[in-house]
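Q: Please take a close look at one part of this structure, and then follow its surroundings outward. A formal, connected account suitable for a first-year student would be welcome.

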Amino acid sequence: MKYVDEFRQPELIRKTAEEIRRVADPARQYHIMEICGGHTHAIYRFGLKDILPENIDLIHGPGCPVCVLPMGRIDDGLAIASRPGVIFAAFGDMMRVPGTHGSPLEHKARGMDVRIVYSPSDALKLARQNPDQHVMFFAIGFETTAPSTALTLQRAKKEGLRNFSVFCNHVTIIPAIRAILDSPDMRLDGFIGPGHVSTVIGCRPYEWIAKNENKPIVISGFEPLDLLQSILMLLRQLRAGEAKVENQYKRVVTWEGNPAALRAMADVFQLRPYFEWRGMGFIPESALSLREEYADWDAERRFEVPGIRVTDPKAAQCGEVLRGVLKPAQCRLFGNECTPEHPVGALMVSAEGSCAAYFSYEHRKTELTTLNAPA
Amino acid sequence: MAHGAGGKASRRLIEGLFVPLLCGASNGPLGDAAVVSLDGTRLAITTDSFVVKPLRFSGGSIGELAVNGTVNDLAVAGARTEALVVTFVLEAGLSTEILQAEVEAMAAAAAKAGVCIAGGDTKVVEHGKADSMYISTAGIGSLIPEVSVDPASVRAGDQILLSGPIGDHGVTILLARGDLDLEADLSSDTRSVLPFVEAIARVAGPSIRWMRDPTRGGVATSLNELARDCRLGIVLRDDQIPVRDAVRGACELLGLDPLHIANEGQFLAVIASEAAEAALHALRQTPGGEQACIIGEVQEQPAGAVLVTTRYGGTRIVDMLVGDPLPRIC
């Protein structure tokens, strides 16, 4: 398969892994955060931890939009959708995320009209097909999915389609990285930068991380070879005592990003003064809402929103896991009260959530090896 | 809904409610068919219901699935289907052309599989109470004498055979629903797997430990069930598992794992290692089995789990499917 197989060649992967071992200082422990949930998923899926030296610790960052969404937002969205004549449309990622009274899928089982869509424009299509009903698109995602929501809203406005609205939960990645760097228990050496987000925002917005915080960051693709090469680039910077923004994912990401996507976002969205992130609290200017010109398509303005706030279960330690202070398996609830079937914290819900990825691909492996190790 | 998707939730429903109340003290492993004795003759018996949207898709239709599904459940229990009975649940207003087409599809599939449809029943429910039509079939089969399958007979060192590329059916259905705006040259693999069973029975009969047609929940779920039942580890080599490019592509785009995608005409078997090559050869000689492979083996560890070794030297655990496979977008 083109664009995939080239980046999964065993021989190249072996060579890169060897080079990583050569460059890594055996006397040092490396703490590298992969910001994006897609990277977390790929690291586990390809078993990359098994081929990295033990002194390279990969810490899973906040880049899983489903995971950082507070439960109150899900409750608010479902409250709107429980009105007669409203269709709740969202990506498959959202469907199993628990609200206080169950996930969207569970609401569907109880009779709510819940549809899985593959893009915001599919939700718009639903609105055209169901003129007597109101379609609310529950928008989630970082700068990766925000442009497609923006384009969809531009089209809805142009068509004057009034039975469509967006419940906007789009967030932005840079403030989350800042919050992690500002947290007192932070102990990171460098970042694997998000690939898909950067196709939109480019590399420039990360420059402060290198300049002001003195941490290297390498924007990475999602194939095994991409990730290993990015880790190698980080190690080389660390060995040389440098801190730069580098772009490993050049086949997709440009330095300046995608100007058309950025224009669409600027036309439709504005920054919220603050937004709550699950496990991280309120982060200023970290999320998007619809501009006044799009108020007619803003579910939060068109409907009365209860504004529900739900505190995370006290025993769950999602925040510590999100900031990389704890490994998933070190959380009190991991694997007993909190599993992919019955997630307590959102990190267990999405396949990109670090707890779910760890649970599915890694945890039993470690558990089983420990259990079965000869005494 | 998750309780019907063939993964963990289905298993909990069966083990937590159905088995204790309906099967009493019978505590055998949950196979695809039950074996009952009638005047000293042992017969395999099973039933399956079919709910699929759309009714027709590239390579098959609900009628074909209804015949092949039950024939296959009996086949992997080591039985040749002798007779099927069928129940139709029809939604009022269903066009006769659609019904006729499905009955014809069933007749053709039954003729192809060499089984007779001996009887049936029809119910009509109000419009809106059923999605066009549901079909349920039950089948009875005679056991192939040289074959005896039991997860408890599985040993470390046994080889795991797969009849061909996985995920064709599940991805075909996903694309046929039309919400994805994806197109691929792909058809469902629905067919009888009995020829595979007969082929390996001839050359490796007593060495067959376990067989399964990995339908809902895919190969991963079937093998997790085996790992649990035999308390051994299943270790797969990802570069040995055949997956068509179209299936791989769709799964890459949607964030799905082909190991979790449903099949309707593939066949998994665990064979004692000394007979594995002969069984593989026999599978490859069988029409539809040309791409059969040994995809892994049974090992002592990780007991109760399925481990995939990647071609780069990494490993990952592959769990049962939780609920339905949902695409990842954001």
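A: The buried residues in helix 2 of chain A are A:Gly37, A:Gly38, A:His39, A:Thr40, A:His41, A:Ala42, A:Ile43, A:Tyr44 and A:Arg45. This is a predicted model, in which local features need pLDDT of at least 70 and side-chain atom pairs count only at pLDDT 80 or more, while totals for chains, interfaces and linings use all residues. Residues are numbered from 1 along each chain as its sequence is written, and chains are lettered from A and ligands numbered from 1 in the order in which they are written.

Two terms are needed at once. A residue is buried if 20 or more other C-beta atoms lie within 10 Å of its own, exposed if 12 or fewer do, and partly exposed in between, with C-beta atoms placed from the backbone. Helices (H or I, at least four residues) and strands (E, at least two) are DSSP runs, numbered from the N terminus. By this standard helix 2 of chain A is mostly covered, with 9 of its 9 residues buried. After this helix comes A:Gly47, whose phi is positive, near 65°.

The surroundings of the helix begin with the domains of its own chain. Chain A is divided into domain 1 (5-65 + 173-247), domain 2 (71-170 + 272-302) and domain 3 (311-358), the bounds coming from an automatic or database domain assignment. Between domain 1 and domain 3 of chain A, the C-alpha centres lie 22 Å apart. There, 14 residues of domain 1 of chain A are in contact with 11 residues of domain 3 of chain A; two residues are in contact if their C-beta atoms, placed from the backbone, lie within 7 Å. On the domain 1 side, helix 2 and strand 2 (56-63) of chain A are the elements that give two or more residues. The largest share of that side, 5 residues, comes from helix 2 of chain A. By class, the same side of domain 1 has 7 nonpolar, 6 polar and 1 charged residues. In this count Ala, Val, Leu, Ile, Met, Phe, Trp, Tyr, Cys and Pro are nonpolar, Asp, Glu, Lys and Arg are charged, and the others, Gly among them, are polar.

The other chain comes next. The contact between the chains takes 37 residues from chain A and 30 residues from chain B. Helix 2 (37-45) appears here as well, since the elements giving two or more residues to the chain A side are helix 1 (10-23), helix 2, helix 4 (104-109) and helix 14 (354-372) of chain A. Helix 14 of chain A gives the most to this side, with 7 residues. The chain A side has 20 nonpolar, 7 polar and 10 charged residues.

Chain B has its own division, into domain 1 (34-143) and domain 2 (151-317). The C-alpha centres of these two domains of chain B lie 24 Å apart, and 18 residues of domain 1 of chain B are in contact with 18 residues of domain 2 of chain B. Helix 2 (62-75) and helix 3 (96-113) of chain B each supply at least two residues of the domain 1 side. Of these, helix 2 of chain B gives the most, with 6 residues.

One residue of chain B may be examined in detail. B:Ser192 lies in the loop between helix 4 (168-176) and helix 5 (194-204) of chain B. B:Ser192 is classed as buried because 25 other C-beta atoms lie within 10 Å. Leaving aside its neighbours within four places in sequence, B:Ser192 is in contact with B:Asn68, B:Val71, B:Asn72, B:Ala75, B:Lys112 and B:Ala113.

On one side of this loop, helix 4 of chain B has buried residues, including B:His169, B:Val171 and B:Leu174. Strand 3 (56-57) and helix 7 (245-254) of chain B are among the elements that cover the buried residues of helix 4 of chain B. Just after helix 4 of chain B, B:Gly178 takes a positive phi of about 80°.

On the other side, helix 5 of chain B packs with helix 8 (residues 273-285) of chain B at an angle of about 145°, their axes 8 Å apart. Axes are lines fitted to C-alpha atoms, for helices over the stretch in contact, and angles run from 0 to 180 degrees between N-to-C directions. This contact of helix 5 with helix 8 of chain B has 10 nonpolar, 1 polar and 1 charged residues.
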